[in-house]
Amino acid sequence: MPAWRRPGPERVLAVMTLIDSIGTGVFLASNVIYFKHFVGLSAGEVSVGISAAGVAGLVAMGTMGPVADRFGHRRVFILLSLVQAAGYAGYVFVDGFLSFFALVTFMGFVDFGKSPAREALISSATGQGNRVGVRAVLRTMFNVGFSVGSGLSTLLLTFDGATAKYAFVLINAASFLVGAVVAMRLPAADPIPPKPGVKRLRALRNVPFLTATAITGVLSLHITLLMVVLPLWVLSRTAAPPAIVGVILIGNTIVTVLFQVRMTRGVETLRDGSGAAWRASVALAVSCALIGLAAGDRAWLSVALLLAGALALTVGEMVQAASRWAIGVGLAPEHAQAEYLGAFNMSIAGQSMLGPVFCTALVLGWGLTGWLVLAGILLLAGLATGPAVEAAHRRLAGSEPDRHEELVSAHRA
């Protein structure tokens, strides 16, 4: 049954995700063009602002989770959605680097800071046995909406300057406003006050949990490989036509939309997540080898190897996503969902900050050897996931006695 026809919270979550992704697609597909053309910023100034937003977002993901747990996931989600609507509308008034830097940094904190509330809202609105499956459906809906938004963004570039300027900003702002209204239809779980004597920011003090988070971040490098490294490799080291990059990105989206839900079947518990992480690492390592071998001056061979490598990368991406969801929700205590899920998702922000620099230097500096080294790193991360999750599970079972039996049964299932 299509996600938007499913009864109850799943339908609301699917609609909410679709609306949000359309607005996000409109803005992100052309935000660099917007800042350079309409605001007059240089490429360097835009890069500095986006980097500052990433740093602010990393801080937000580690600190806003306890706020959402304390005051209610739905309430915080709706409030931050309204702040996003106002903040993105404010880009219309940005007229220089200082105002841009201040607003983009603030919005980076808000955007990433809403993530823990959203993740916990999904968990609280769906049953424990279906949380990974629901996230797969939502990811599919996001890809569909983002593609629609990206296409709309391209269409807007054909209009006159004023129309495009306001549309880029206000469509995205409106999507957050509508999303907040839709979110009001979700059930509101009662906020859970902190227990006496419990330290704040427990997730950030939990070394085994952070270790599992970091390893997950290594496997999440597929994001950087697809969006940054592969295009640079195609343009600088292969004889394939540049258009192959667009074909690969479109193919990645189509395959993900069609098969992401299927890839999550059978991946629910911590043990399932660890096994899926290993399978994902193998697929990603194979993709690295194939893409690395695509270097050379024979165009047909480069195209064939790039397409095969991209397919393996997409399979690894889908399996790793299922693994990450299972591990994330499995290690997050029910009374601190936003805090732990927010901290766990710091791995995505971390790889976004460090991944492009590391992977680009490794691959473009060492060529095929760099790709093989990267494949080895991914395989090691896949092997290390199981022991890291086991250690995090033991630590949580000991530090969260109220959930000891739940964690044990989830891990052994």
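Analyst: Ground rule before we start: helices (H or I, at least four residues) and strands (E, at least two) are DSSP runs, counted off from the N terminus. This is a predicted model, in which local features need pLDDT (the predictor's confidence in each residue, from 0 to 100) of at least 70 and side-chain atom pairs count only at pLDDT 80 or more, while totals for chains, interfaces and linings use all residues. Residues are numbered from 1 along each chain as its sequence is written, and side-chain values use heavy atoms, with hydrogens and water left out.

User: Fine. What does the chain contain in helices and strands?

Analyst: There are 16 helices and zero strands. His73, for instance, is found in helix H3, residues 73–89.

User: And what makes His73 count as buried?

Analyst: Buried means under 20% relative accessible area, exposed means over 50%, and partly exposed is in between, using a 1.4 Å probe and protein chains only. His73 comes in at 11%, so it counts as buried. Its contacts (heavy atoms within 4.5 Å) include Ala117, Leu121 and Gln337, with residues up to four places away in sequence left out.

User: Which other residue of H3 is worth a look?

Analyst: Try Gln84, which lies in helix H3 as well. At 3% relative accessible area, Gln84 is buried. Leaving aside neighbours within four places, Gln84 is in contact with Met107, Val110, Asp111, Lys114 and Phe176. Take Asp111: Gln84 and Asp111 are 27 residues apart in sequence and 7.2 Å apart in space, C-alpha to C-alpha.

User: What makes a set of residues a nonpolar core?

Analyst: The members have to be buried Ala, Val, Leu, Ile, Met, Phe, Trp, Tyr or Cys residues, joined through side-chain atoms within 4.5 Å. The largest such core here has 58 residues, and those with the most contacts inside it are Leu225, Leu306, Trp371 and Leu374. Helix H12 (residues 299–331) supplies the largest share of this core, 12 residues. A second, separate core of 26 residues includes Ala117, Leu121, Ile122 and Leu138.

User: Which residues does Leu374 touch?

Analyst: Not counting residues up to four places away, Leu374 touches Leu221, Leu225, Cys288, Phe358, Cys359, Leu362 and Val363.

User: Back to H12. How do you know that H12 is mostly covered?

Analyst: Of the 33 residues in H12, 24 are buried. The span of H12 checks out too: the expected value is 1.5 Å times one less than the number of residues. H12 reaches 47 Å from its first C-alpha to its last, close to the expected 48 Å.

User: Why is the Arg135 and Glu119 pair called a salt bridge?

Analyst: The term needs a side-chain nitrogen of Lys or Arg within 4 Å of a carboxyl oxygen of Asp or Glu. The closest N and O atoms of Arg135 and Glu119 are 3.1 Å apart, so the pair qualifies. Arg135 sits in helix H5 (residues 131–156) and Glu119 in helix H4 (residues 97–125), 16 residues apart. Both partners are buried. Arg118 joins in as well, since Arg118, Glu119 and Arg135 are linked in a network of salt bridges.

User: How many salt bridges does the structure hold?

Analyst: Four. Another one is Glu317 with Arg139, where the closest N and O atoms are 2.4 Å apart. Glu317 is in helix H12 and Arg139 in helix H5, so the pair ties together parts 178 residues apart in sequence. Both Glu317 and Arg139 are buried.

User: What about Arg394 and Glu390, and why is Glu390 called partly exposed?

Analyst: Arg394 and Glu390 form a salt bridge with closest N and O atoms 3.5 Å apart. Being four residues apart in helix H15 (residues 368–399), the two are separated by about one helical turn. Glu390 has a relative accessible area of 26%, which makes it partly exposed.

User: What makes the overall size agree with a compact globule?

Analyst: The rule is 2.2 Å times the number of residues to the power 0.38, with the radius of gyration taken over C-alpha atoms. For 413 residues that gives a value near 22 Å, and the chain has 21 Å, so the two agree. The C-alpha trace spans about 60 × 50 × 40 Å along its principal axes, and buried residues make up 51% of the chain.

User: Where does pLDDT stay under 50?

Analyst: Over residues 401–413, for which the model has 20 contacts beyond four places in sequence. Among the elements, helix H16 (residues 404–412) has the lowest mean pLDDT, 43, and helix H11 (residues 270–293) the highest, 97. The chain mean is 87, with 91% of residues reaching 70 or more.
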